[in-house]
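Me: I have a new model open and would like to learn how to read it. Could you walk me through it, feature by feature?

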Amino acid sequence: MRYGFFPGCTLESAAKELMISTKKVAAALGIELVELEGWTCCGASHIQDVDDFLATSINARNIALAEQLDAPLLTVCNTCTLMLRTAKQKLDRNEQLKKRVNQGLAEAGVEYRGTVEITHFLWVLVKDYGLDRLKEKVKRPLEGLKVANFYGCHILRPPQIMGFENPLNPQSMERVAEALGAECVDFDQRLACCGFHAVFPAEKEVMKLTGINCLSSKDAGADCLVTPCPLCQMQLDMYQPDAQRGFDQDITVPILHLPQLVGLALGFEPAELGIGRHIVDAIPLLRKKLVTA
Amino acid sequence: MLSYDIVVVGAGGAGMMAALAASEDPDLEVAVLSKIYPTRSHTGAAQGGINAALGNRDPSDSVEKHFRDTVKGSDFLADQDAVEFFTSRMPELIQELDFYGVPFSRDENGRVAQRPFGGASSPRTCYSADKTGHVILHTLYEQCLKRGVKFLHEWFLLSLAVEEGELDGLVALDMRSGAIHPIQAKAAVIATGGFGRIYWNRTTNALNMTGDGTAACFDAGIPLKDPEFVQFHPTGLASSGILMSEACRGEGGHLLNKEGERFMARYAPEKMELGPRDLVSRAIETEIKEGRGFGEGIGAYVQMDLRHLGKEKILERLPQVRALAMHFEGVDIIEEPVPIRPSCHYMMGGIHVVDYKTCRTPIEGILAAGECACISIHGANRLGGNSVADVVLFGKYAGLGAREIAKQRSLPSGKKVKKEADRWIKTFDRMRRKTEGIPVTEIRDKMAETMWNNVGIFRRESEMKEALETVGRLLEDYQDACIGDTSVRYNLAFVHYVEVGNLLKLAKAVALGALHRKESRGSHARADYPKRDDGRFLKHTLIYKKGDDYILQYEPVKITKYRPEERKY
Amino acid sequence: MDTVTLRIKRYDGVKEWYQEYQLPYEKGKTLLYSLTKIREELDPTLTFSAACRHAICGSCAVRVNGNAFLACKTSLDQLLETFETERLTLEPLNNFPVIRDLVVDWEPKLERMKAVRPWLIPSEDGDPSEGFRQSPEDFRKIASPTDCILCGICSSECGQLSLNQEGYLDPFILNKAYRFAVDSRDAAPEEHIRPALEKGLWKCLHCMECVTKCPKEIDLAGENAYLRQASIQMGERDNKGARHAYAFVEDVKSKGRLNEVTLPMKTEGFVSTMNRIPFALRLIRKGKINPLHMPREVEGIEGVRKIYEHAQGVKEP
């Protein structure tokens, strides 16, 4: 299994631990990740607000880089996935647009052809890799760990572009977590938005939302919240102390990246997966839960 | 007491056009009351288009041809002076709607696009994809917002008070608070739509099409004109009655029986599927009756095949139609033919309008426009694309008519309407407290069944007499109806009780008019009198209600230009 | 499956409660069919609104298990399958005042809609007696936004609106602004766009709920992007949203990737960024950001810049 790997900007800085954990987990599972050389930011759902042709063009270039590898493009970020898939859908449905975009790409020496799929680490686990195979790789079942699966918007919506599973009642996260031996809790905000993309223009609302999201998982009895998107992770983790200020109840809940959860079950230690880099310390919890496991 | 210069009842295409025209005079206080929000109105369900002889697609089209087609389509029962007035003003009305912002589909020159429609000798139906009524309704609402028109949202008309032949006021229920208000008004424009719900589920009409304004006028002494003329749309979805637009036939859809024949060749060899609605409806029913339909009994149907149009054309021109068939019949018209059969669609008859230029009724101060009114421009059968046209054009003239009246009349005393409101307050109170009786829905469903079976597409004397008796009994049962909801706030059970009462009164008039019209004309098809009889029946039916008695009269048709001839397509 | 249970949120103006109704399971029915059956056979007091039965009047939207649907075009079978259950919870739309049971109050929404001047401001190319000329291409721009039936589903599902009822406009209102802003017959797109901008245009969370749930499949998120672009072209660049978006545009051009260190400064300016010092220190402590880190230019950055140059001369077809 070989994929063109599109890390996305956050993996180079604030979510470096996701880079670390993704690479370790992929290697342990035997998934080959070839990082695209010269990938750029996907636009993060912002560039189209200035110029949507530009947003489509830069992602056409990103996809073209994967086409050169002749491998499907794998991401670990919901928004990167959505941005790349949006560009692909537009280009594949509109010959005229594709032609114009390719005129620009030609000057950069690349061409968008539309020959590779764009997928996400979560989908690869469920569909390409298979949960039975994943189960076989589990060395340390996460028994007793109660996880709240927080999907994040852009891996589900809009379904016309994402289309992997029914956005009203997805199950992929639960199936992965259960394969790893963890216990899933159902909570109101399971399919909610984290608010990350509006944290600057709508700070007050997004902080409130962060608190609601954390509390909802806690109220349902979760030990930690796990998400397939670094942006959700950043919003819920990095801003948690700020969000706390608007709440009387304690909203503290550790937030894990999906590959970190997988890595723990594969037998990696929390430190190896960069879990020590989180603002809300997950280590005491994991020590307690995993030691007994 | 609430008082306005003009109250418009109903906020569909006709009501909002009336409100816009009336409120052009800033000195007049105008209010629109409607039991549903304006954009929920049934005008929005009109898919296919709106007729106007613009000649954009066919330069040889003319107002004259539109006039002739409409008269011929009406089976010569339309009043020709009114039809001429209507057809000659439609082109400028389309421009007005365009200026209001209606998103019309366009031809390559940027002009309003036009398509062929049943019964039209030129392609003159202007459209916006297949959501023409929807976009007109929303555009008119936008214009009302712009103009600051006052809406009384979710107010339900209970009755009209008339004193000495003149309007005294209206009684309405504010559904949210449960308060019943008398409203003084110099003029009331009734624009409450049709009453296809006399057939309850066997209609394309929305659930709320219960003829509230028509019944209120009828009770107030205004006769119903030509109520026996009920149009059955040939292409309702087989299982729900939901309308598949005439645009399907306009765009070239084929009707097939179970032998795979395009059976319209037997009934309208030239026009085929583009024959007028009544003819196509009867052709389908005949096929079913003679055993060439699919299925049996109430579930029988024929097929409409659109596959040959191709995916691209269907997606471009009939996207809503395709979605409807998918959601409500489970059929993708790109892949398969869709099961269809006739469904009650439109009431040609309605509130007797005595002056088409102002839409006045015999009672000073009461005007009517849209489907609830009978001007009459549709006569015995309405042409497709003439309904939304009627609604906006006469809505406008009714608004102008109301303005004139409001300027001439002083505010009535309001004594009668106050009494009338007190009577309704007692009724509401009594019905809320009543714990036993016959469920309203039971009465309603019996009415629908008898109307469909006995006063439907084919009509016979004995069956209609039976229907009259049944409806008479149901009117008695209605006295013992029970609504089962004690709430003051938003009591839809009470609203429905009043609606069903309205339907019963109107159903009886439909049956009575039909029984006495011993001929076949337009949509009125008598098995026992299969021919049109101009000698005896080239005249309008007028039914008056005096207490519980119905009195039948007739009035001559206005013929200015076209002498009746046989209707052939 | 023999029976289906509908658990419906009731409200009578004073108290709220949930009431359960059991219906025999019937294949191939709509949600509206079930509601009607309850009202006609089990409980005449159950209150909901519906009119056309075919998804054009917009009356019958309700929430099922937390998601808004048009009752008339929603198949009961599909709901049961989606939620893997024989029991559904029905509630009135979110973000609306409730009148009774499933009936919500539209009046305040329609009042708010006036903010974007939701009517054509006719350009001088038209005339009340002559109408307009409009090309088929220009008509196509308004074809989808005028599909809106004002059902309120987007309002119910909107992430920002759920947090902020006053400071944001419902997606259907933004759709109205868009519908006129792109109408070739409109003389003053700015008059529709500016109120949207002033009422929190940049506050959209990008949660994509509106585009996912809209029964008419209107591209509300794409329209939102257009309104933002148009507001920038109107010169409205000096706000957090636009500055934030430009930070991405500029970073990609200069290095290919985002510089998270300079992002807050670019978005918020110096003073506000100072308020974020505790936040920044927190991140620095954990190694989440390195204030001294400067991203290097990506391989092929010259090509990226050429793509930028090309894009400048192109409007998306």
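Reply: Gladly! Keep in mind that this is a predicted model. Let's begin with charge in chain C: the mean positions of its 45 positive and 47 negative charges are 5 Å apart.

Me: How far apart are the centres of the positive and negative side chains in chain B?

Reply: There the two centres lie 1 Å apart, for 76 positive and 78 negative side chains.

Me: What else can I read about chain C as a whole?

Reply: Start with its make-up: chain C contains 14 helices and 7 strands. Its C-alpha trace spans about 70 × 65 × 40 Å along the principal axes. Of its 317 residues, 59% count as buried, and chain C exposes about 13,100 Å², with 49% of that supplied by carbon and sulfur atoms.

Me: Now chain B. Which radius of gyration would a compact globule of 569 residues have, and what does chain B have?

Reply: A compact globule with 569 residues would have a radius of gyration near 25 Å; chain B has 22 Å, so the value agrees. The C-alpha trace of chain B spans about 65 × 50 × 50 Å along its principal axes. In secondary structure, chain B has 16 helices and 23 strands, and buried residues make up 71% of the chain. Looking at contacts in chain B with a separation of 6 or more, 74% come from residues 24 or more positions apart.

Me: How do I judge an interface, and which chains share the most contacts?

Reply: The size of an interface is often given as the accessible area lost when the parts come together. Here, of the 2 pairs of chains in contact, chains A and C share the most contacts. They bury about 6,000 Å² between them, 62% of it on carbon and sulfur atoms. In chain A, the residues losing the most area to chain C are A:Asp49, A:Leu168 and A:Phe200, together 13% of what that side buries. By residue, 75 of chain A are in contact with 60 of chain C.

Me: And where do chain A and chain B stand relative to each other?

Reply: No contact joins chain A and chain B; their closest C-alpha atoms lie 15 Å apart.

Me: Last one: is helix α5 of chain A enclosed or open?

Reply: A helix has a repeat to keep in mind: an α-helix has 3.6 residues a turn, so residues three or four places apart point the same way. In chain A, helix α5 (residues 121-129) has 7 of its 9 residues buried, so it is largely enclosed by the rest of the structure. Among the buried residues are A:Phe121, A:Trp123 and A:Tyr129. Just after α5(A), A:Gly130 takes a positive phi of about 95°.

Conventions
Residues are numbered from 1 along each chain as its sequence is written. Chains are lettered from A and ligands numbered from 1 in the order in which they are written. This is a predicted model: local features need pLDDT of at least 70, side-chain atom pairs count only at pLDDT 80 or more; totals for chains, interfaces and linings use all residues. Side-chain values use heavy atoms; hydrogens and water are left out. Helices (H or I, at least four residues) and strands (E, at least two) are DSSP runs, numbered from the N terminus. The radius of gyration is taken over C-alpha atoms; the globule rule is 2.2 Å times the number of residues to the power 0.38. Buried means under 20% relative accessible area, exposed over 50%, partly exposed in between (1.4 Å probe, protein chains only). Contact means heavy atoms within 4.5 Å. Lys and Arg count as positive and Asp and Glu as negative; His and the chain ends are not counted. The place of a charge is taken as NZ of Lys, CZ of Arg, CG of Asp or CD of Glu. Buried area is the accessible area (1.4 Å probe) that two parts lose on being put together, summed over both. Accessible areas come from the Shrake-Rupley method with a 1.4 Å probe; for residues, only the protein chains shown count as cover.
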